[in-house]
Structure formats: structure tokens, C-alpha cells
Amino acid sequence: MMERFLLQSMDTEEKFYKYEEQRLKTEENRREAEHAREFQMLQMLGQMLAGISSTVSQRSQYMPSNPSQRSNHRSYGDNFNYNSMTTLSPPIVIERSFSMHKTHSIKEMENIFQLVRNIIPPLTAKKHKGQDGRIGIVGGCQEYTGAPYFAAISALKVGADLSHVFCTKDAAGVIKSYSPELIVHPVLDRPDAVHEVEKWLPRLHSVVIGPGLGREDVLLANAKGIIEKAKVKGIPIVIDADGLWLIAQQPSVIQNYPRAILTPNAMEFSRLYEAMLRDPVDSNDQHGCLLRLSQALGNVTIVQKGERDLISDGEKVLVCSHEGSSRRCGGQGDLLSGSLGVLAHWALLAGPEKTNGQNPFLVAAFGACSLTRQCNHQAFQKCGRSMTASDMILEIGAAFNKLFET
């Protein structure tokens, strides 16, 4: 089985490199058109905003008043249907190229950033340990101990109170040596791993599956079992790295679960897209490909990492172009997934009033992408080419404060 997986991976990688070459050729043309397109987009958005009030008032006349008639509406709160499919209107694309030194006259373009600020819980002496987030990281094996550490420590530094790592026995001692703040469970390679992790799920607010997981059959099987148990509990699930390898092989594991967030890079996105849609990614239609993949998976939230981070739930696309740097060191995706685990919990807890009725996981993903890019930018300013993920971790506090609390 592993030989077949490796052959599939090599074939997919070859297709990806061909795709990447084509993408680079079209990138220059895209950049030349970018400024003109952005100006046109702002004009169109202004016209849209002018008509929002009348559109909303017209729709409100036809909203069903009977709760039973509203039962098929999408919900991200306590009641949801794994198998619900919604008739979609044309997708909305909201793009924001962030710069800390620019101001924008279109208020709507700032709103999504403000929603991120809205979901952040205030600091108060009246809270007890655990109220601001207990996050579980599922991953970490003998070969990969850094990834689960980066994800778990990022969750703490963003503002979670407790961070658990469920890893293999060989990885546990190493991960513990990185930080005394992490709670490490050496259970992931045990026959009863799913049962052991399940006992902790009622205490966790979200789980991040995949950092440093590896691709051994027993680890993938246990990760699958943990995902199934987390779905039953209704816990937000962030899937990254080798967790995405599992989803590419068995999409039904996460399909139609509305509290799932996938964070693929370009290679992982290509693998997922071909697994679900049986076609190669169209480099000239990035937004369309992202929408189609999300819809095929049952409108799960997808963060497609890249030069610009594209975020979609199958209904709209958010584009985060917040300034980062040209340095692409390993571990940045782990920082993103760990911080996203916290923000997903906060967004869900805040409720529709704080997110203005938006999908809370879109808001959380936008916040995590912006924060990761800001950490990248600040660390690169200090370290330049020698910057590593550890340098970015040190910037989380200052970056969070600059983006969301000043």
C-alpha cells in the first residue's frame, strides 16, 4: 500500500511542477493587471454597498418565520447537519491587500478585519484557566517533533490557556524538552490511541490534526478515528500536513462536516483537487478551483496557502495579501494551524452577533493568515535570510498586539 501511495505521490508531484511552471509564466501578466483590477473592484464594491440596504429589506419579507421552515439553513452553532447541501448564489470575492501604512476609503474592506478583533475575548481577572481555549494537537512521530511543538506553542502564545499534544512514544520526550508549557500525551502509536484521545475530547475546544503526523498506516488510522470522534462531539477540526494526505486518500472522513478547516499548500491543494474532482488544477482560475473543491467536500472551509492566502467555504472567497516576506522556512504552516485552532474556537464562541452573521471559520482563518504573515514580516526584518519558524514564534505577541489590540 505504501509503495502505491509513493507512486501516486511522485506522479502528483510531477503534475504539480508542470502546473507551477505554467503558473509562474502567467504570474507576471497577472501582476500587470492587478492594479487596474483592484481599482475596478473597489468601484464595483461601492455600487454593491449602495444597494445592500434595499436588498436586505426585500429578502427579509420572504424569510420564513416558522422555525421548521428554516431548518435547512446553514448553521455553525450547536445545531448542524453533516449532509446538508445548500443552493449557492454566485460567489463573492473580497480582496484586501493589507499594509500598515495605507488607509482605505471603502469601509467594507476593513470590516472582515474588524470581525477578527470582535471575536477576541477580553482579558479579565474573573476568568479561570481553560476558558480562553484548550487546544489539542494530534501529530508528532520519531522523525517529526518540531511541527507539533510549533503548532502547540503558537496556540498558547495567541492566547489559549492549555495546549495538549497527542504524539507517539518516541516523540513525547523530545517535545517535552522543547517546552514545559505543553501537556504531552505519548499515545498516538498505541492500539487504544483513539480511545485514549477520546477521553480528552470533552475538555478540548478544538483539535489540529496532522503536524508531524507521518504517513505510517497505524498513525493515519488513529488520526482518522480521532477525527470521527471529534465530529461526534462537534469540535472544530483544523487539518494540516499529513492530515491532508489522509483526506486526499479518504475524503469521506471530513466531507460535509461544517466545522472542518483544511490548510493545504499548493502541492497539497493539487492532490486534494485531483482526488475530489478528477481534473488538474486550472492555474488561470484559482478562485474557481477553490470554490469547487470546497463545494465538493461539502462546503468545508479551505485555506489555500501561497503568495496570497485564498480562503473559501464554497460560497465566497477571501484573499489575504497581508505583507510577509520572501523567506519560506519550514514550520510556518504549523504556526498558522495552531493559531487557527484558537481563533476557530473564539469565533464559534463569539456567536453570529460578533461575526456579523459571517461564517465564523472564514473570520478565524483570515485572522490566522494575517497573524502568520505579520509574524513572518517582523521576524524577517530582524533576521533576514537566517529567519526560522522559531524566530516567528517570538514575534507572535507583538504581531497580535499590532494587528488586533491597538
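**Entry 1: helix H4**

I started with helix H4 (residues 169–178), where I found Ala 171, Ala 172 and Ile 175 buried. I then checked how they sit around the helix: they span an arc of only 110° around the axis, so they lie on the same side of H4. A reminder to myself: this is a predicted model.

Next I turned to the opposite face of H4. The exposed residues Lys 169 and Ser 177 sit on the face turned away from the buried side. What covers the buried residues of H4? I looked it up, and the cover includes helix H3 (146–158), strand S3 (162–167) and strand S4 (183–186).

One more residue of H4 caught my eye, namely Val 174. Is Val 174 buried or exposed? The answer falls in the middle: its relative accessibility is 34%, and buried means under 20% while exposed means over 50%, so Val 174 counts as partly exposed. I also looked up its separation from Tyr 149, which is 25 residues away along the chain. The C-alpha atoms of the two are 9.6 Å apart.

**Entry 2: the nonpolar cores**

Then I went looking for the nonpolar cores. The largest one has 60 residues, and those touching the most other members are Leu 182, Ile 311, Trp 346, Leu 371 and Phe 404. Which helix gives the most to this core? It is helix H11 (residues 360–383), with 11 residues. I also noted a second, separate core of 46 residues, and its members include Val 194, Leu 219, Ala 248 and Val 281.

This fits something I had read: in soluble globular proteins, nonpolar side chains tend to be buried together.

I picked Leu 182 for a closer look. Leaving out residues up to four places away in sequence, Leu 182 touches Tyr 149, Ala 152, Ile 153, Leu 156, Ser 163, Val 165 and Ile 175. I was pleased to meet Ile 175 again, one of the buried residues of H4.

**Entry 3: strands S8, S9 and S10**

Ile 311 led me to strand S9 (residues 309–312). Asp 309 and Ile 311 point one way from S9, Leu 310 and Ser 312 point the other way, and all are buried. I had learned the rule behind this: in a regular strand the side chains alternate between the two faces of the sheet.

Which strands pair with S9? On one hand there is strand S8 (residues 301–304), antiparallel to S9 over 3 bridges. S8 and S9 make a hairpin with 4 residues between them, and Ile 302 has Ser 312 as its bridge partner in S9. On the other hand there is strand S10 (residues 316–320), antiparallel to S9 over 4 bridges. In S10, Leu 318 is the bridge partner of Ile 311, and Val 317 is the bridge partner of Ser 312.

I followed the chain through the hairpin of S9 and S10, which has 3 residues between the strands. Gly 314 takes a positive phi near 90° there.

How many residues of S10 are buried? I found 5 of the 5, so S10 is largely enclosed by the rest of the structure. Lys 316, Leu 318 and Cys 320 point one way from S10, while Val 317 and Val 319 point the other way.

**Entry 4: helix H9 and the cysteines**

Helix H9 (residues 286–296) was my next stop. Its buried residues are His 287, Gly 288, Cys 289, Leu 290, Leu 291, Leu 293 and Ser 294. Just after H9, Gly 298 has a positive phi of about 90°.

Cys 289 made me curious about cysteines. Its relative accessible area is 1%, and the cut-off for buried is under 20%, so Cys 289 is buried. Cys 375 is buried as well, because its relative accessibility is 0%. How many disulfides does the structure hold? I looked, and there are 0.

**Entry 5: the whole protein**

Last, I stepped back. The protein has 13 helices and 10 strands. Of its 406 residues, 52% count as buried. The accessible surface is about 19600 Å², with 51% of that belonging to carbon and sulfur atoms. I also checked contacts between residues at least 6 apart in sequence: 71% of them join residues at least 24 apart.

Key:
Residues are numbered from 1 along each chain as its sequence is written. This is a predicted model: local features need pLDDT of at least 70, side-chain atom pairs count only at pLDDT 80 or more; totals for chains, interfaces and linings use all residues. Side-chain values use heavy atoms; hydrogens and water are left out. Buried means under 20% relative accessible area, exposed over 50%, partly exposed in between (1.4 Å probe, protein chains only). Helices (H or I, at least four residues) and strands (E, at least two) are DSSP runs, numbered from the N terminus. Two strands pair if DSSP finds at least two bridges between them. A disulfide is a pair of cysteine sulfur atoms within 2.5 Å. Contact means heavy atoms within 4.5 Å. Accessible areas come from the Shrake-Rupley method with a 1.4 Å probe; for residues, only the protein chains shown count as cover. A nonpolar core is a set of buried Ala, Val, Leu, Ile, Met, Phe, Trp, Tyr and Cys residues joined through side-chain atoms within 4.5 Å. The arc is that of the directions from the helix axis to the C-beta atoms.
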